[in-house]
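Hi everyone, thanks for coming. I have one structure for you today, so let me put it on the screen.

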Amino acid sequence: MSAVRLPERRGPSTPDPRPAIPNGWLGIGYSQDVGQGQVVSRHILGRDLVLFRGNSGALSVADAYCPHLGAHLGGGSVVDDCLRCPYHHWHFGQDGACTQVPYSKVVPKAGLSTWLVREINGFIFVWHHAAGAPPSWEIPPHPALSDPSYGFVATREHLFRGHPQDISENGADFAHFIAIHGWDGVKLKFTPEGHSYRVGYDTEGVDTGYGEAGTVEVDSLAVGPGYTYTHYSGERDWLMISCFTPVDPGTVYLHQLYYARRGMSPQLMRSLIDAVYAEWRKDIRIWETKAYWENPAVVAGDGPIGQFRRWYRQFYV
Ligand code: FES
Ligand SMILES: [Fe+2]
């Protein structure tokens, strides 16, 4: 028996060639994380950000350090729709511009670096582009969320070592649906289109565990590099929306919102969410220890991995 405990792993020796943060709309939390008049500090996308919601309800996201003498603005406060720095009380508007210095008639040109923000489907998204290009696509609102017959059910979060591409790639990795999730016999169809891809599931005669075999319809859409939803319908009607965003290079924040058609028993919903999240955990265990091969050894039956990677590459340019 060895007297020392050797490490089990240190991660792959081949460096990951992918940009750590893909370009596009990336979720940085839930809308409900930032109440009216609140300031929230968050480290995500490899940087310190500050989120503030004005008294009008509008949300802003900015880099967290004050352009004056560098205070972290997370300790500041919201005054009307402005963020007031805790150090010398300079005020910054929602566009980041300095609007007031309490002890000076001159308002300096210096301002906060703000991010483009969207609040869609219960999430906060910011636009990230390594070369500073403006948005060329949007995250579509899901129709169920404006339908009063659906209601919010739950959230789930996980922080793990990984890259968002590997999570997105799951939808094109057909062989893992059998080995990891036990969905043998499900016929899958991968359809990329612009900034989205859809996975069609034909579950006829297959026990997915989410309802009586053959009665579950699954509609799954990925939009951009870090957002997907899966809508299960049929006898049970519920929706899982997921965002996965790098916190730092190599670490991913997965956060999810679950909605269901009103009238489904909370107990049943809890067991469905526990079941689906147990499947996510099985994937996460693989993702957080895996290597990334630019040219993997694939065989027929693996699914459209190459097609998926060509699609995902658009988020690196
Ligand atoms: S450091 Fe922010 S106002 Fe001075
Ligand atoms: Fe999976």
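I'll go from the whole chain to the domain interface, and then to a single serine.

First, a reminder that what you see is a predicted model. The protein chain has 317 residues, and 47% of them count as buried. Its C-alpha atoms fill a box of roughly 75 × 55 × 45 Å along the principal axes. In secondary structure terms, we have four helices and 18 strands. If you take the contacts with a separation of 6 or more, 55% of them come from residues 24 or more positions apart.

Now to the domains. The domain assignment splits the chain into domain 1, residues 24-128, and domain 2, residues 143-316. Their centres, taken over C-alpha atoms, are 32 Å apart.

So how many residues of each domain are in contact with the other? On the domain 1 side there are 14, and they meet 19 residues of domain 2. Together the two domains bury about 1400 Å² between them, with carbon and sulfur atoms giving 65% of that area. Within domain 1, the residues losing the most area to domain 2 are Y30, N121 and F123, which together make up 41% of what that side buries.

What about polar interactions here? Salt bridges between domain 1 and domain 2 come to zero. Polar contacts are another matter: the rule finds 11 residue pairs across the interface, both partners at pLDDT 80 or more.

Which strands does the domain 1 side draw on for at least two residues each? Those are β1 (24-30), β2 (39-44) and β11 (123-128). Of the contributors on that side, β1 gives the most, with six residues. By class, this side of domain 1 has seven nonpolar and seven polar residues, and no charged ones.

Let me finish with a close-up of S242. You'll find S242 in strand β17, which runs over residues 238-248. Is S242 buried or exposed? Buried, because its relative accessibility is 0%, and the cut-off for buried is under 20%.

Who are its neighbours? Leaving out residues up to four places away in sequence, S242 touches G226, Y227, T228, L254, H255, Q256 and W280. One of these, Q256, deserves a second look: the side chains of S242 and Q256 are joined by a polar contact of 3.0 Å. So that's a buried serine with a side-chain polar partner in Q256.

That's my tour, and I'm happy to rotate the view for anyone. Thanks!

Methods. Residues numbered from 1 in each chain as written. Chains lettered and ligands numbered in written order. Predicted model: local features only at pLDDT ≥ 70, side-chain atom pairs only at ≥ 80, totals over all residues. Heavy atoms only, no water. Domains from an automatic or database assignment. Contact = heavy atoms within 4.5 Å. Buried area = accessible area lost by both parts, 1.4 Å probe. Salt bridge = Lys/Arg side-chain N within 4 Å of Asp/Glu carboxyl O. Polar contact = N/O pair within 3.5 Å; in protein donor to acceptor, adjacent residues only side chain to side chain. Nonpolar A, V, L, I, M, F, W, Y, C, P; charged D, E, K, R; others polar. Buried < 20%, exposed > 50% of the residue type's maximum accessible area, 1.4 Å probe, protein only.
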